Amino acid sequence: MAEDESETAWAALKALAARPDAAAIRPLFATDPDRFARFSRQAGDILLDFSKTALSDAVLAALLALAEARDVAGFRARLFAGAAVNATEGRAALHMALRAAPEDEFRAGTEDVMPEVLAVRARMEEFTRAIHEGRILTAKGEGFTDVLNIGIGGSDLGPAMVARALWTPDAPLRGHYLANVDGHAWAEMQAKLDPARTLVLVASKTFTTQETMANAALTRDWLRAALGEAGASQHMAALSTNLAATGAFGILPDRVFGFRDWVGGRFSLWSAIGLSLALALGWDAFARLLAGARVMDQHFRDAPLDENLPVLLALVEVWHVNGLGYPSRAVLAYDERLARLPAHLQQVEMESLGKRVALSGAPLQRASGPVVFGEPGTNAQHSFMQLLHQGTTPVPVDFILVARPDHAHANSHRKLLANGLAQAEALLMGKDEAAVVAEMRKAGAAEAEITRLLPHRVFPGDRPSVTMLLPQLDAFTLGQLVALYEHKVAVLGALWGINPFDQWGVELGKQLANVILPELSAGVAQKPHDASTAGLISKLAALWPEGRA
Ligand code: F6P
């Protein structure tokens, strides 16, 4: 890729963004009756409508030219070929292999990864079916009723999000997720669970993560107290790449489900890390989830850039972040079952794209990943949407709408959908002074009152959103949706020239926590700290003298 070419493409985009009407969306609708059809695309079950953005034909062409100049197609080919696209860790990023069919080919470098992927998948299926069919029983010879996944970050968020989305009361087991090292989280969880009927999965790629190992040790003690040492080991399994550490922790070898270092934590829900999903939802649901993601993998790999949903979502983001200077984005799923999707996407996007240097190590010349946040609709409307409608800086929104509900309350669902559509329309169209004046006059307001309140009641409009429309929410469509976001992140990595697959930025805090931990035991700072940290250590010691060990 020629740097000059891509700088020319960035400059062309900047010129378009500098035009006075660059952020205007309403005129694009006013002059083009076909805008919805022309600025939406379908892949698999997902319709992506990006017409409610300020992308004109010229802007879209400039964005696609940028994608060409940044060689997004070449990056995509290297990703699927198992090249070491995670250059700072010298690894491939091959999560697509985890959801591949037996006939698909994936290599990490020269190694054919499919035999191992399929072998682990077969062991996961056999284990899952054996638990569900009562061929594997509890230490007391009963059936398991609950599965507890202990993990954090990518070893928690993806599976917890999917379980929240797809679990129903007739599912085989109840799924629970324990992440935080906060003892309150374990106390709360412990109160819900019977050790005699609970299967514990310790999910950790590295099997060294402080929070997970602390919770795993607490849980092992809890199982041992109830079932003895041999009984406890019948209730535990590990999901990890670190087979030596799982053995040292006391997990039986046939209870360890492995994966490889080319699976990034935030892309790992499709690997052994997803075992809690197979157990809680059933093997067939897990297989459908993988199959859905594979549909999106194939679309991403094969579709031309201007038809390609992950590429288009990424280009819209570039327009918002680099063109118009919008530093954040909201994800509003109008489906309560997707309540944990924003949390999962926060890791997938912000851990991947929160980078300040290019792959070369040079500081970036432009902004990279935005802040991502979200809540389910309609709840969001009654908390932060005020800022999105009338705040000083536009916040682009991803609306996720699901056409058919899995309940019989059509009235509720119509209200839910009406609100989702209305929010997107309100952000786009706004409400101008004339409309506010007419409305207030009609309501009988005095002229002075109208003048006083007018600025407060005007909505500027031209606030962008994209809408992703799913026919229904099930394992197959959810797999497609999650893979869409994963690939969007990879494309943004290529466009910004950063490595979306490493996360060095989480290391420093972990190191410092290990310095401070013994100081909390001692009740006083021992290593040099800034005055604030040292002062707070002393205050904490005074407030919690029992915390000294
Ligand atoms: O938070 C940092 C991180 O390294 C994430 O990238 C990862 O998903 C998480 O910790 C958990 O790591 P592990 O699966 O190794 O316990």
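Visitor: What is 2.6 Å from an N or O atom in the side chain of serine 204?
Guide: An oxygen atom of the ligand. This is a predicted model, and the distance is computed from it.

Visitor: How far is a ligand oxygen from an N or O atom in the side chain of serine 155?
Guide: The separation there is 2.6 Å, between an oxygen atom of the ligand and a side-chain N or O atom of serine 155.

Visitor: And glycine 154, which part of that residue is involved?
Guide: The backbone. A polar backbone atom of glycine 154 lies 2.7 Å from an oxygen atom of the ligand.

Visitor: How much of the ligand does the protein bury?
Guide: The protein buries 86% of the 390 Å² that the ligand exposes when taken alone.

Visitor: How many residues surround the ligand, and which are the closest?
Guide: There are 14 around the ligand, and the closest are Ser155, Ser204, Thr206, Thr209 and Glu351.

Visitor: How does that shell divide into nonpolar, polar and charged?
Guide: Nine residues of the shell are polar, three are charged and two are nonpolar.

Visitor: OK, pockets. Where does the ligand sit?
Guide: In the largest pocket. The volume of that pocket is about 930 Å³.

Visitor: Which lining residues are closest to its centre?
Guide: Thr209, Gln503, Val506, Glu507 and Lys510, out of 39 residues that line the largest pocket. Thr209 is also among the residues closest to the ligand.

Visitor: Which elements give two or more residues to that lining?
Guide: Three helices do: H10 (210-234), H15 (341-353) and H21 (507-522).

Visitor: Which one gives the most?
Guide: H21, which contributes six residues to the lining of the largest pocket.

Visitor: What about the classes in the lining of the largest pocket?
Guide: That lining has 18 polar residues, eleven nonpolar and ten charged.

Visitor: Switching sites. What volume does the second largest pocket have?
Guide: About 460 Å³.

Visitor: How many residues line the second largest pocket, and which lie nearest its centre?
Guide: It is lined by 26 residues, with Arg70, Ala358, Trp496, Gly497 and Ile498 nearest the centre.

Visitor: Which helices each supply at least two residues of that lining?
Guide: H1 (3-17), H5 (72-80) and H20 (475-496) each do so for the second largest pocket.

Visitor: And how many nonpolar, polar and charged residues are there in the lining of the second largest pocket?
Guide: The lining of the second largest pocket counts 15 nonpolar residues, six polar and five charged.

Note on methods
Residues are numbered from 1 along each chain as its sequence is written. This is a predicted model: local features need pLDDT of at least 70, side-chain atom pairs count only at pLDDT 80 or more; totals for chains, interfaces and linings use all residues. Side-chain values use heavy atoms; hydrogens and water are left out. On a 1 Å grid over the protein atoms alone, a cavity is a set of points where a 1.4 Å probe fits but cannot get out, and a pocket is an open set with protein on both sides within 12 Å along at least five of seven lines; lining residues have an atom within 4 Å of a point. Grid points are joined across faces, edges and corners, and a volume is the space filled by probe spheres set on the points. Helices (H or I, at least four residues) and strands (E, at least two) are DSSP runs, numbered from the N terminus. Ala, Val, Leu, Ile, Met, Phe, Trp, Tyr, Cys and Pro count as nonpolar, Asp, Glu, Lys and Arg as charged, and the others, Gly among them, as polar. A residue is near a molecule or strand if one of its heavy atoms lies within 4 Å of it. A polar contact is a pair of N or O atoms within 3.5 Å; within protein, one must be able to donate a hydrogen and the other to accept it, and residues adjacent in sequence count only if both atoms are side-chain atoms. Accessible areas come from the Shrake-Rupley method with a 1.4 Å probe; for residues, only the protein chains shown count as cover. A molecule sits in a cavity or pocket if more than half of its atoms lie within 2 Å of its grid points.
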